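Student: I would like to learn how to read a protein structure, starting with the question of what lies inside and what lies outside. Could you take me through this one?

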Amino acid sequence: PRPTMASSWRLFLLPGLAAARSAPISVFGHKAPDTDAVTSALAYAWELNERNVAATAYRLGDLNPETAFVLQKVGVAVPP
C-alpha cells in the first residue's frame, strides 16, 4: 500500500531522528517571504525542536511591512 501523509510524518518525526542528525534542520519558506511563509517556518522549527529535533527557521529575503509588523506585535524575533 502507498504511504499516507500521516505515516510519512510519523516516519520523519521518529524519536531516533535527533540522534541521527549532526546539524540542525533548516526550515524556510519561499524567496519572497510573506507572513504565511515566515510564520510557517517559525512554527515548524518550533514543532521539530519540541520533538527534540534541532531545527532553525530562516527567511529567504527581506520582510514586507506586514510581516515585520506581525512579528513585532507578537514579540517574535525575525528569523535570520
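Tutor: Buried residues, meaning those under 20% relative accessible area (over 50% is exposed, in between is partly exposed, with a 1.4 Å probe and protein chains only), make up 21% of the 80 residues in this protein. This is a predicted model, in which local features need pLDDT of at least 70 and side-chain atom pairs count only at pLDDT 80 or more, while totals for chains, interfaces and linings use all residues. Residues are numbered from 1 along each chain as its sequence is written, and side-chain values use heavy atoms, with hydrogens and water left out.

Student: How many helices and strands are in the protein?

Tutor: Helices (H or I, at least four residues) and strands (E, at least two) are DSSP runs, numbered from the N terminus. Here there are four helices and two strands, and along the sequence they follow the pattern α-α-β-α-β-α.

Student: Where is Phe28 found, and is Phe28 buried or partly exposed?

Tutor: Phe28 belongs to strand 1 (residues 25–28), and with a relative accessible area of 47% Phe28 is partly exposed.

Student: What caps the N-terminal end of helix 4, and which residue follows that helix?

Tutor: Asn64 caps the N-terminal end of helix 4 (residues 65–74), with a side-chain oxygen 3.2 Å from the backbone nitrogen of Glu66. After helix 4 comes Gly75, whose phi is positive, near 75 degrees.

Definitions and conventions: Polar contact = N/O pair within 3.5 Å; in protein donor to acceptor, adjacent residues only side chain to side chain.
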